[in-house]
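Please take a moment with the sequence and the model that follow. The paragraphs after them go from the overall fold to one charged region of the surface.

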Amino acid sequence: MNFDSLAGCEINKFTIKAWGGVLKDAWGIDSRESLLEDLEWLEEEGHSAKFESYKEIVSYIDQVPGPTIVRGYYEDAMKINDEFKYKMAVVNRYREFLGDKSLYGWDATRYICLCRWGFICGYITEDEAWERIMPAARFLQRTFDSWEDLGTNYIIGREFWSPKNEVRSLCEDTYM
């Protein structure tokens, strides 16, 4: 995609089909309503909310010494649920590094992409897309110190979202 226009490409039947396929296959979005639902989820919760809830669990476990019922519950859950175990490992690895930024870079950049793709597919107008994108862009500018800072957050978010992917620990190897 080019970044000199909202669409980033010529809008025609081929690009509408291609980006519509991405929205449908990766997000389950096939209408204005489903796009708006996912945008609302990213704005209100996103993966940052789950990351923060897992961060609270890890912090609690760190603060309570010795065996406890709560610690035992989460240790058992990690033994039987690989996805939970990997997500907890990502949280443990990056919680201090991310601090208050959580996974906001991951969520906000995906929000902006959904607005762009939703515009291409005709689910929202150009004005609606910009009305949503600009507050997200300003939030990113206030929150992140540089493109590298945002990119690092995005990579960590990607790892949290899909921790079993082969790019796991790319961020750790590159930036930490």
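In what order do the elements of the protein chain run from the N terminus on? In this predicted model, the order reads α-α-α-α-α-α-α-α-α, and the secondary structure accordingly comes to nine helices and zero strands. Taken along the principal axes, the box that the C-alpha atoms of the protein chain fill is roughly 60 × 35 × 30 Å.

Turning to how the chain packs, buried residues account for 43% of the 176 residues in the protein chain. When contacts between residues at least 6 apart in sequence are considered, 76% of them join residues that are at least 24 apart. The area that the protein chain exposes is about 10500 Å², of which carbon and sulfur atoms supply 52%.

The charges can be considered next, as a whole and then in one place. The protein chain carries 21 positive and 32 negative charges, and the mean positions of these two sets lie 4 Å apart. On the surface, Glu-33, Glu-37, Glu-40, Glu-43, Glu-44 and Glu-45 together form a negative patch. One of these residues, Glu-45, is placed in the loop that lies between helix 2 (32-44) and helix 3 (46-63).

Is Glu-45 buried, partly exposed or exposed? Its relative accessibility is 46%, and because partly exposed covers the range between under 20%, which is buried, and over 50%, which is exposed, Glu-45 counts as partly exposed.

Notes: Residues are numbered from 1 along each chain as its sequence is written. This is a predicted model: local features need pLDDT of at least 70, side-chain atom pairs count only at pLDDT 80 or more; totals for chains, interfaces and linings use all residues. Side-chain values use heavy atoms; hydrogens and water are left out. Patches are made of residues with over 30% relative accessible area and no salt bridge: like charges are joined within 9 Å, nonpolar side chains (Val, Leu, Ile, Met, Phe, Trp, Tyr) within 5 Å. Accessible areas come from the Shrake-Rupley method with a 1.4 Å probe; for residues, only the protein chains shown count as cover. A salt bridge is a side-chain nitrogen of Lys or Arg within 4 Å of a carboxyl oxygen of Asp or Glu. Lys and Arg count as positive and Asp and Glu as negative; His and the chain ends are not counted. The place of a charge is taken as NZ of Lys, CZ of Arg, CG of Asp or CD of Glu. Helices (H or I, at least four residues) and strands (E, at least two) are DSSP runs, numbered from the N terminus. Buried means under 20% relative accessible area, exposed over 50%, partly exposed in between (1.4 Å probe, protein chains only). Contact means heavy atoms within 4.5 Å.
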